[in-house]
Amino acid sequence: MEHLLDRDAAQQNPVDFDHHSAGHATNWPATFARIRANSPRAWSEHHGGFWLATRFDDVIRIGQQPEYFSAHKDYDPATGKIGGGISIPPLPGLRGVPNETASPEWDGVRTFINRRFSPKSVEAFRAKAQQFAAALIDEVIEKGEFDIVEDFTNPLPALVTMELFGFPLSEWRAFADPFHKIVYTPRDDPFFAETVRGLDYFNQRVAEEVELRRKDPRDDLLGHLANGTIGGAPLDAETIQNLAFNILAGGVDTTTALTSNTLIHLAQNPEDRERLRNDRALLPFAREEFVRYFSPIHALARNVTEDVEVDGWKFRKGERVLLAYSSANRDPDVFEEPERVILDRFPNKHIGFGAGMHRCVGSFLARIMFEAMLNEVLDRIPDYRIDEDRLVRYPTIGNINGCIHIPATFTPGKKVGAKIA
Ligand code: HEM
């Protein structure tokens with residue numbers, strides 16, 4: 001009980017914290033450093049009120065007790081009523097499966113997909129990721145300029161995810177764009193509802209391709225969704241949609257955000273770029289350090305299922321808690337010099353891929369895609385420079401901390417003849 005919290009006092013003195021605000025997007029490391037030091041277990045009145053966990057130990061403890069802190073989401077399309085889930089404020093409609101489920105539903109679904117995402121299974125996509133990275137750089141290399149997000153870090157994870165599903169690669173933009181936009185369009189933006197509707201096309205295409213694979217089975221993820229079973233029963237249409245939604249959402253924008261931020265860092269820190277360029281054995285360590293430092297998934301929520309106390313912090317049933325992975329990953333009690341990128345940091349027990357049962361199923365694939373992109377840039381356009389005046393970051397980083405545009409120039413080079421399809 002080292003950190004007893006007087007919950008009434010905390011609620012009477014809330015912190016002015018809104019992870020979706022423009023101020024937070026530009027100043028989050030300092031904001032979290034202040035909150036961690038002064039009120040690490042804080043109450044915010046924004047978005048209906050929620051607890052904010054900023055310390056590494058608290059985020060882990062809560063993440064590892066899903067029976068009390070559930071990610072489960074209820075959604076009633078008839079009334080539009082939403083309960084729970086991983087977003088604060090709640091996202092209308094969409095329910096990520098397995099992310100927004102609890103046991104026993106989670107156990108069945110997670111077991112069903114685990115095999116497709118094991119290190120061995122995803123290794124089969126490394127050559128594809130390298131091929132796509134080479135082809136995307138081929139498209140820009142003679143021009144000497146590109147937009148890192150538009151031309152590279154957004155298309156590559158989308159293409160690999162299309163390949164994993166078994167969708168035609170030509171459709172990547174129609175699928176990835178709504179997912180990319182949904183994470184950075186502020187909820188109060190008049191275009192938010194329209195952006196959410198952009199997912200309808202994806203849902204329709206999932207249904208069509210699943211139908212095709214029922215008649216003509218194929219060994220891709222869509223085939224697995226169409227013909228696989230959970231507990232001996234085929235998946236119902238809703239579970240298929242929600243699973244596909246969760247995997248695409250997980251696959252397309254997170255690795256984009258990680259690689260975009262990494263490429264900005266390397267442009268701004270030429271000594272790190274040179275070190276990495278000359279010593280690729282560093283890449284696996286640097287990769288984990290960038291996941292820690294940027295924490296692409298900024299913060300996610302849990303929902304208190306019954307009154308419970310965690311290390312002196314009392315929660316009441318029905319309350320919501322935001323797990324700030326990004327803050328936990330810079331907790332000075334756990335990481336030395338947390339505000340500095342140390343390429344060969346080891347050990348590095350970051351929780352950028354989450355903690356507890358919902359820990360990222362796609363982490364091995366994400367690592368493969370990240371490495372393919374980094375190697376391609378360091379090999380072929382190592383002198384790239386970013387036009388910082390035209391760099392556009394997400395206006396809200398409450399879900400994912402990424403960028404919309406990163407214009408860059410480099411010394412032109414020659415194509416290697418790589419093709420996307
Ligand atoms: C750098 C890239 C990535 C990061 C930083 C990341 C981060 C995370 C985090 C923090 C969670 C935990 C969610 C929670 O606590 O509620 C998670 C879960 C998940 N991720 Fe990722 N992710 C990445 C890439 C991917 C990829 C490539 C895929 C799939 C293609 C994926 C699919 C998922 C799914 C399905 C879950 C839910 C797992 C469950 O609830 O059991 N992620 N991810």
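Helices, at least four residues long, and strands, at least two, are DSSP runs that are numbered from the N terminus. These labels are used throughout the exercises below, which concern a predicted model.

**Exercise 1.** Determine which helices and strands each supply at least two residues of the shell around the ligand, and describe the make-up of that shell.

*Solution.* Begin with the size of the shell: 29 residues surround the ligand, and the closest are Trp106, Arg110, Tyr325, His358 and Cys360. Next, assign the contributions to elements, which shows that helix H4 (105-114), helix H13 (237-252), helix H14 (254-268), strand S9 (300-304) and helix H18 each supply at least two residues, with H13 giving the most, namely four. Finally, sort the shell by residue class, which yields 17 nonpolar, 10 polar and two charged residues.

**Exercise 2.** Identify the protein donor to the iron atom of the ligand, and place this donor in the secondary structure.

*Solution.* A donor has to be an N, O or S atom within 2.8 Å of the metal. Applied to the iron atom, this cut-off leaves a single donor from the protein, the SG atom of Cys360, at 2.3 Å. Turning to the secondary structure, Cys360 is found in the loop that runs between helix H17 (325-328) and helix H18 (363-380).

**Exercise 3.** Find side chains that have an N or O atom at a short listed distance from an oxygen atom of the ligand, taking Asn99, Arg302 and His358 in turn.

*Solution.* For Asn99, an N or O atom of the side chain is 2.8 Å from a ligand oxygen atom. For Arg302, a polar side-chain atom likewise lies 2.8 Å from an oxygen atom of the ligand. For His358, the corresponding distance from a side-chain N or O atom to a ligand oxygen is 2.6 Å.

**Exercise 4.** Work out how strands S1 and S2 are arranged, and which way the side chains of S1 point.

*Solution.* First, S1 (residues 41-44) and S2 (residues 50-53) pair in the antiparallel sense over four bridges, and Arg41 stands opposite Ala53 in S2. The two strands form a hairpin with five residues between them, and His47 in the turn has a positive phi of about 50°. In a regular strand the side chains alternate between the two faces of the sheet. In S1, Arg41 and Trp43 point one way while Ala42 and Ser44 point the other, and all of these are buried.

**Exercise 5.** Judge whether the radius of gyration of the chain agrees or disagrees with that of a compact globule.

*Solution.* With 421 residues, a compact globule would have a radius near 22 Å, and the 21 Å of the chain therefore agrees. In addition, 57% of the residues count as buried.

Notes
Residues numbered from 1 in each chain as written. Predicted model: local features only at pLDDT ≥ 70, side-chain atom pairs only at ≥ 80, totals over all residues. Heavy atoms only, no water. Donors = N, O, S within 2.8 Å, 3.2 Å for Na, K, Ca; no water. Buried < 20%, exposed > 50% of the residue type's maximum accessible area, 1.4 Å probe, protein only. Pairing = 2+ DSSP bridges. Near = heavy atom within 4 Å. Polar contact = N/O pair within 3.5 Å; in protein donor to acceptor, adjacent residues only side chain to side chain. Nonpolar A, V, L, I, M, F, W, Y, C, P; charged D, E, K, R; others polar. Rg over C-alpha atoms; globule rule 2.2 N^0.38 Å.
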